[in-house]
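Please walk me through this protein model, starting from its interior and working outward to its helices and charged pairs.

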Amino acid sequence: MAKQRSVWLTLTLTLALATAGCSSTKKDAVPDEPPEVLYQEAQERLQAGNFIRAAELLEAMDSRYPFGAYSNQVQLDLIYAYYKQDDTARALANIDRFIRLNPNHPSVDYAQYMRGLTNMATDYNFFQELLNIDRADRDPAYARQAFADFRQLLRQHPDSAYAADARARMISLKNRLARYDLAVAQFYMKRGAWLAAANRAKFVVQSYPDTDTMKPALEIMAESYDTLGLTEMANNAKAVLRANFPNS
């Protein structure tokens, strides 16, 4: 028993020393330099695409000089560094902090734009895109939030330098949301839930009339109403379908 206790004490001491060593290494990773020197190095790292090291330098500045001349720009650069690392949680946390503390800052539109980009990136799945796997049915919560972020940017800062790109991204997000609701309607249809299918397809037609989901949504409505014996509603859906898609 004494021998076993000795082994445990040795292991505990070894782990403690290792942890202390790691903490010391992390603490000493950023030298004690003037803020202008650290910021210059952080900018060089950002330009070189070394976002991990750039974030370390910026984090050190944010901690050491929270009210310094570089403080606001450091926070904005940190947002970008986290975003480029796909560290969306920390990017969003820093975005919200910046907007809360600097609601009238000249670059608050950039922070709002980055919020939309970050939520859009969270919705995006690289491996699904790489393998060309259609996952229109996955939860679009982050896509909805990104759409809301860009819409808020356009409302509050219509003349922002990021407005045009935000509008373009909103079109892409609208198509993403439309495909999701269409996938839900198709799911209900396969399950024989005809009324639910018709209602969700009607929502697609009313909410996203300028997307490529319009035709399949009208087809679901027509078939669902036919199956339910709702002849007049089915004929109305077919009439709209023929008017908009003569070759259907």
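In this predicted model, phenylalanine 150 touches Tyr113, Gly116, Leu117, Met120, Ala166, Arg169, Met170 and Leu173, leaving aside residues up to four places away in sequence. Phe150 is also listed, with Met114, Leu173, Ile220 and Met221, among the residues with the most contacts inside the largest nonpolar core, a set of 42 residues. At least two residues of this core come from each of α4, α5 (88-101), α6 (108-123), α8 (141-156), α9 (163-190), α10 (194-207), α11 (214-228) and α12 (231-244). Helix α9 gives the most, with 9 residues. A second core, separate from this one, has 17 residues and includes Tyr39, Leu46, Phe51 and Leu78. In soluble globular proteins, nonpolar side chains tend to be buried together.

The chain around these cores has 12 helices and 0 strands. Of its 248 residues, 36% count as buried. Among contacts with a separation of 6 or more, 55% are between residues 24 or more positions apart. The accessible surface comes to about 14900 Å², and carbon and sulfur atoms account for 54% of that area.

Two residues of the second core, Tyr39 and Leu46, bring us to helix α2. In α2, the buried residues are Leu38, Tyr39, Ala42 and Leu46. Viewed down the helix axis, the buried residues of α2 fall within an arc of 95°, so they line one face. An α-helix has 3.6 residues a turn, so residues three or four places apart point the same way. The cover over the buried residues of α2 includes α3 (51-64) and α4 (71-84). On the face turned away from the buried side, α2 carries the exposed residues Gln47 and Ala48. The length of α2 can be checked too: at 1.5 Å a residue, its 14 residues (35-48) should span 20 Å, and the end C-alpha atoms are 20 Å apart, which agrees. Just after α2, glycine 49 takes a positive phi of about 85°.

Buried positions are not confined to nonpolar side chains. Threonine 88 is found in helix α5 and counts as buried because its relative accessibility is 19%, where the limit is under 20%. Threonine 88 touches Thr118 and Thr122, not counting residues up to four places away in sequence.

Charged residues come next. Side chains of opposite charge can pair when their charged atoms come close. The count comes to 13 salt bridges. In one of them, arginine 115 pairs with aspartate 149, with the closest N and O atoms 3.2 Å apart. Arginine 115 is in helix α6 and aspartate 149 in helix α8, 34 residues apart, and the pair links distant parts of the chain. Aspartate 149 is buried, with a relative accessible area of 5%.

Arginine 176 and aspartate 123 also meet in a salt bridge, at 3.0 Å from N to O. Arginine 176 lies in α9 and aspartate 123 in α6, so this pair ties together parts that are 53 residues apart in sequence. Arginine 176 is buried at 6% relative accessible area, and aspartate 123 counts as buried at 11%.

Arginine 200 forms a salt bridge with aspartate 181, the closest N and O atoms being 2.7 Å apart. Since arginine 200 lies in α10 and aspartate 181 in α9, the pair ties together parts that are 19 residues apart in sequence. Arginine 200 is partly exposed, at 24%, whereas aspartate 181 counts as buried at 2%. Elsewhere, Glu59, Asp87 and Arg90 are linked in a network of salt bridges.

Technical notes:
Residues are numbered from 1 along each chain as its sequence is written. This is a predicted model: local features need pLDDT of at least 70, side-chain atom pairs count only at pLDDT 80 or more; totals for chains, interfaces and linings use all residues. Side-chain values use heavy atoms; hydrogens and water are left out. Helices (H or I, at least four residues) and strands (E, at least two) are DSSP runs, numbered from the N terminus. The expected span of a helix is 1.5 Å times one less than its number of residues. Buried means under 20% relative accessible area, exposed over 50%, partly exposed in between (1.4 Å probe, protein chains only). The arc is that of the directions from the helix axis to the C-beta atoms. Contact means heavy atoms within 4.5 Å. Accessible areas come from the Shrake-Rupley method with a 1.4 Å probe; for residues, only the protein chains shown count as cover. A nonpolar core is a set of buried Ala, Val, Leu, Ile, Met, Phe, Trp, Tyr and Cys residues joined through side-chain atoms within 4.5 Å. A salt bridge is a side-chain nitrogen of Lys or Arg within 4 Å of a carboxyl oxygen of Asp or Glu.
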